[in-house]
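Student: I would like a close look at one part of this model. Please start from a single residue and then go on to the elements of both chains.

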Amino acid sequence: MACQGLQKGETLASLKTESDGLKKKLEVERGKLNDVELHQVAEKTEVLGALSIKTRRVLKGHGAKVLCMDWCKDKRRLVSSSQVRTSTDLWTREHGVSLPCTWVMACAYAPSGCAVACGGLDNKCSVIPLSLDKDENLAAKKKSVAMHTNYVSGCTFTNSDMQMLTSSGDGTCALWDVESGQLLQSFHGHTADVLSLDLAPSETGNTFVSGGCDRKANVWDMRSGQNIQSFESHESDINCVKYYPSGDAFASASDDATCRFYDLRADREVAVYQKDSIVFGASTVDFSLSGRLLFAGYNDYTINAWDVLKGNRVSILFGHENRVSRVKLSPDGTAICSASWDNTLRIWA
Amino acid sequence: MQSFSSLLLSLRSGFDSGFIYSSGVVWYFCRSCLQSDQLLTSHSLTQKREKASVQRGRGKKESAPNLLCGRLIIIEDIVTQIQDETDGVPIRTVKSFMTKIPSVVTGADIVQWLMKNLCMEDPAEAMHIGSLIAAQGYFFPISDHVLALKDDGTFYRFQAPYFWPSNCWEPENTDYAIYLCKRTMQNKTRLELADYEAENLARLQRAFARKWEFIYMQAEAQVKKKDKTERKILDSQERAFWDVHRPVVSLRLSTLDYLLFAVSTNSDSCHLLFQILFLNTQLDRHCMKMSKVADSLIMYTEQYMEYDPLVTALEPANPWASDDPSFWDLEASKEPSQPRVKKWGFSLEEALKDPAGQELFLKFLESEFSSENLRFWLAVQDLKRMPQQEVAQRAQDIWTEFLAEGAPSSINLDSHSYERTSQNLKDPGRYSYEDAQDHIYKLMKSDSYTRFLRSNVYQDLLMAKKKVRAIYLSSTHRSTSVYLLCFFKYTI
């Protein structure tokens, strides 16, 4: 790897020129491999039939905006977090238990189903073990694991209950050992708040993707902390990133009213999901099990289902009465759950 | 490039600054720009910059010419600058005991120069950086072989550019043999071989027994040099070269690969430097053509579409839509459905993801007496999920079970991966077995897995399921009770 040194007298400007020059060169190199568009190749694929996706359940009970939700691996329980006027409720539907956590912007279910992680404006991410005893004082069992210097925007357990990955408004992501609270690895590279992260679905992979206010989506190696790839094509903050089921690509939702699809092997954006009639920002995305459908929640209260390969919108899901804050596929792919600022959660199937 | 925080943790404590370099690129860092808990971003660097410059600058004007401060430097630029006739250190010939020592400079001079030109206030810092530069072989003490910089009258000599690390030296053992041979031909006591060198020579003589004559001839030819002074210098430089590449102990500091330098107060240049480094690595990346990528994405999606409940109608129906959990009951049962068995044939990953698939594959491997491969792979997966405290012990246990000599479940690793793994185990961590795991996975995928798919165990299950499913469908009936999410219990 050659990085030429500066001679005496060179300044910041020349560094900038070198950086810009390299960016252009990279664009040209990547452009050479761009021999066809995804939707063109997908023309030979069968058109999707009309989807029969409807609201199947409406979960009321939160007293305020629901900001986040996550499914349990058993595909029937979920955890959701909301922002009640003075404090935040967080509960799992099965128990109807209120878990103590203030200002929760991110929540996640542990793979074992025995604990829940939540974090937000308290700059921390805590883990709360769940028990079947309804009367047990769960507040006492809450354990702080992650410590950031700004709000926690996203959290997820890695393959076990023992490690947790968090993203934060301080511009970093971090990997934590749950038991000791030790920081195992930190990931630096974003130049603004990181709003979302997603772990690669592969059992053998050690990577994750993050998206932030610097309009970049970065792919990271968990072992070394290195930024492996970076994608910058959105025109505004990236609110959510999600891997395609094979792990070779990922999608992002942004305030610029588009969702984009990036492939890691081609190292470029391969599709943009947008429409002139869609002017509100997209806050969340998730794929269906096969990766054929991309569900995106928008600030105009709707959820749009896009055909990932062909690039057209297949369906609009109406029902929420305020912004959709989170959309997530159930672990077996049978349903989509959406959380909204209208205080409800909906299950669609 | 390691992340900042992990690099900072490897900095010697007490220093205000450090340096990052990789393959000759260097930039110089000011610690007072950093947050106390060492969580750093270039964003926070901007915030701290003003604070730092007030702390350090105190309104002092920098004395001109501060050539290297505040800029991206190649370590070799430092080394070139320091030898400059006008702005560098005084390199001279020193008279001593009837001989002349050509081309030397004192350690103190080097320290002074580094302090002035790299804006350091503490000589200890200059010694630290100087030692790291010395450890790379850019300059060396002429008397002993400790590649470190001392702030006193010790004499140092600069290495010839021919021997600089940026020439990507990977010197071979034959060259080393020739060199040691040459040393024995020089009849001066102070050039006698050290113990480890004598041992190395003996080892090499055994290894190269058949071509030792050739090596000896090469050595002889090289010993005939021209001018006495020139030979002195060249000999010492060659010696220093081998001190770096065949050290007495493996003291190539691991931090050396990632020495921390930074551009002093300017975080913008710091950020740009990282950008430039990053972009360079991206240019080296080999990418796939879009047409291939598109085909791959389409193939994956089409393969899984029949399993996608939101796209294809399920049999039995989607529980959320029909309020009938038969689909879930079927999935949870010990008897995997035919589509599920079929999925195991998509990839080894799919087979291992499903507990039933994993079980069948393990049984198959046991019948072939190669189950230790899968068990090893599973053990390493487990290792990665352990809490930090238990990692080291578990890593050792895995070694004992699978890799040690006479291990009960000995796996077959190529010698290269084996070497790497045993090296990793000196400092056991959750990723110590990555190479080995990768190797074993590829082995299973290309070898055992393909046989598994063709095996009777798998094929019988695949065919049998088709019949069973048909029977199931014809006899089942829908339940009419309504299930609310709240009351679902997980049944095994």
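Student: Does A:Arg57 count as buried or exposed, and what is its relative accessibility?

Tutor: Bear in mind that the model is predicted. A:Arg57 has a relative accessibility of 11%, and residues under 20% are called buried, so A:Arg57 counts as buried. This arginine sits in strand S1 of chain A, which runs over residues 55–59. Its side chain has a partner in the other chain: a polar contact of 3.2 Å joins the side chain of A:Arg57 to the side chain of B:Asp323.

Next, a helix of chain B. Helix H11 of chain B covers residues 290–305, which is 16 residues. At 1.5 Å a residue these should span 22 Å, and the end C-alpha atoms are indeed 22 Å apart, so the two values agree. The buried residues of H11(B) include B:Met290, B:Val293, B:Ala294, B:Leu297 and B:Tyr304. The buried residues of this helix lie on the same side of H11(B), because they cover an arc of only 160° around the axis. The face turned away from that side carries the exposed residues B:Lys292 and B:Met299. The cover over the buried residues of H11(B) comes from both chains: it includes helix H2 and strands S18, S19 and S20 of chain A, together with helices H14 and H15 of chain B.

Helix H8 of chain B can be read in the same way. H8(B) has twelve residues, 212–223, and reaches 16 Å from its first C-alpha to its last, close to the 16 Å expected. Its buried residues are B:Trp212, B:Ile215 and B:Ala219. They lie on the same side of H8(B), because their arc around the axis is only 60°. On the other side, B:Glu213 and B:Ala221 are exposed. Among the elements that cover the buried residues of H8(B) are helix H6 (173–185) and helix H7 (195–207) of chain B.

Last, a sheet. Strands of a sheet pair through backbone hydrogen bonds, either parallel or antiparallel. In chain A, four strands form an open sheet in the order S13-S14-S15-S16, with antiparallel pairing. Strand S13 (194–199) and strand S16 (227–231) of chain A are the edge strands, each pairing on one side only. From one strand to the next, the twist averages 20°. Strand S14 (residues 207–212) and strand S15 (residues 217–221) of chain A are joined by five bridges. One residue pair to look for is A:Gly211 with its bridge partner A:Ala217 in S15(A).

Notes
Residues are numbered from 1 along each chain as its sequence is written. Chains are lettered from A and ligands numbered from 1 in the order in which they are written. This is a predicted model: local features need pLDDT of at least 70, side-chain atom pairs count only at pLDDT 80 or more; totals for chains, interfaces and linings use all residues. Side-chain values use heavy atoms; hydrogens and water are left out. Helices (H or I, at least four residues) and strands (E, at least two) are DSSP runs, numbered from the N terminus. Buried means under 20% relative accessible area, exposed over 50%, partly exposed in between (1.4 Å probe, protein chains only). A polar contact is a pair of N or O atoms within 3.5 Å; within protein, one must be able to donate a hydrogen and the other to accept it, and residues adjacent in sequence count only if both atoms are side-chain atoms. Two strands pair if DSSP finds at least two bridges between them. Axes are lines fitted to C-alpha atoms, for helices over the stretch in contact, and angles run from 0 to 180 degrees between N-to-C directions. The expected span of a helix is 1.5 Å times one less than its number of residues. The arc is that of the directions from the helix axis to the C-beta atoms. Contact means heavy atoms within 4.5 Å.
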